[in-house]
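Thanks for making the time this morning. I would like to walk you through one chain, beginning with its charged pairs and ending with its helices and domains.

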Amino acid sequence: MKNPPSLDSLIAALKVLPGVGPKSAQRMAFHLLQRDKAGAERLARALDRALTNLTHCERCNTFSETPVCNLCADASRRQDLLCVVEMPADLLMLEQAHCHDGLYFVLMGRISPLDGVGPRDVALEKLFHRALDGVVEEVIVATNFTAEGEATAHVVTELLKNRGLKLTRIARGMPVGGELEYVDPGTLAQAMFERRKL
């Protein structure tokens, strides 16, 4: 028996989520349609609202509903200190650790040649202009300690070295292969405090 086209379309749409294969997508679709239609409607409205309202902050490149996000608009934060992270989840983790009082730049990805993601596929040009705005004095490279994160850190360092900026890298207080999003706040705070010059 073949699924109705609208069901196949829903299953295919759910498979775009990371870690969701065909069977998981099928279970999710059946659950939403049979057991939680209200949840399915909330999900559809939330996705529509997010796609309509969210854009990238002009300064830090994270998701925002305004041209400049709340963090970038906060005058109490250090304007001379810029922390470069891979994804918005990494920014949120650093904020939860209360270990950075400067501003951020979110690359929205990491360089991963095996996945077809090169330097042009992350926001390096936007980072270049942001870091050289005349206000930033130190750039903290806080990419993950994975092969892709290290490659991204190397490219960021090469891009910004010899530009009159102090370049530092968060310390390896984090486990090798670990990702910022999953590290406990104490370990992450220690890595920030023990960052080193590049």
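By a salt bridge I mean a side-chain nitrogen of Lys or Arg within 4 Å of a carboxyl oxygen of Asp or Glu. Please keep in mind throughout that this is a predicted model, and that what I report has been computed from it.

With that criterion, a search of the whole structure finds eight salt bridges, and I will take a few of them in turn. In the pair I would like to start with, the side chains of Glu 138 and Arg 195 meet with an N to O distance of 3.0 Å. Glu 138 belongs to strand β5, residues 138-141, while Arg 195 sits in the loop between α8 and β7 (196-197), so the salt bridge ties together parts that are 57 residues apart in sequence. As for their surroundings, Glu 138 counts as buried because its relative accessibility is 9%, under the 20% limit, whereas Arg 195, with a relative accessible area of 27%, is partly exposed.

Next comes the salt bridge between Glu 95 and Arg 77, whose closest N and O atoms are 2.7 Å apart. This pair, too, links distant parts of the chain, with Glu 95 in helix α5 (residues 88-97) and Arg 77 in the loop between α4 (70-73) and β3 (81-85), 18 residues apart. Is Arg 77 buried or exposed? Arg 77 is buried, with a relative accessible area of 11%, and its partner Glu 95, at 21% relative accessibility, counts as partly exposed.

The last pair I will describe is Arg 110 with Glu 179, where the closest N and O atoms are 3.9 Å apart. Here the two residues are 69 residues apart, Arg 110 lying in the loop between β4 (103-106) and α6 (124-131), and Glu 179 in the loop between β6 (166-169) and α8 (185-193). Both are partly exposed, Arg 110 with a relative accessible area of 27% and Glu 179 with one of 26%. Which residues make up the network that includes this pair? Glu 86, Arg 110 and Glu 179 are linked in a network of salt bridges.

Let me turn to the rings. A search of the whole structure finds zero aromatic pairs, but a charged side chain does meet a ring, in that Arg 169 lies over the face of Phe 145, at 4.3 Å from the ring centre.

Now to the helices, and to α1, residues 5-14, to begin with. The buried residues of helix α1 are Leu 7, Ile 11 and Leu 14. These three cover an arc of only 65° around the axis, which puts them on the same side of α1. As a general point, an α-helix has 3.6 residues a turn, so residues three or four places apart point the same way. The face of α1 turned away from that buried side carries the exposed residues Pro 5 and Ser 6, and what covers the buried residues includes α2 (22-34).

For α6, the buried residues are Leu 124, Leu 127, Phe 128, Arg 130 and Ala 131, and their cover includes β3, β4, β5 and α7 (147-160).

Finally, the domains. The protein chain is divided into domain 1, residues 5-53, and domain 2, residues 81-169, and the C-alpha centres of domain 1 and domain 2 lie 33 Å apart.

Key: Residues are numbered from 1 along each chain as its sequence is written. This is a predicted model: local features need pLDDT of at least 70, side-chain atom pairs count only at pLDDT 80 or more; totals for chains, interfaces and linings use all residues. Side-chain values use heavy atoms; hydrogens and water are left out. Rings of Phe, Tyr and Trp (its six-membered ring) pair if their centres lie within 6.5 Å; planes under 30 degrees apart count as stacked, over 60 as edge-to-face and the rest as tilted. A charge sits over a ring if NZ of Lys or CZ of Arg is within 6 Å of the ring centre and within 35 degrees of the ring normal. Buried means under 20% relative accessible area, exposed over 50%, partly exposed in between (1.4 Å probe, protein chains only). Helices (H or I, at least four residues) and strands (E, at least two) are DSSP runs, numbered from the N terminus. The arc is that of the directions from the helix axis to the C-beta atoms. Contact means heavy atoms within 4.5 Å. Domain bounds come from an automatic or database domain assignment.
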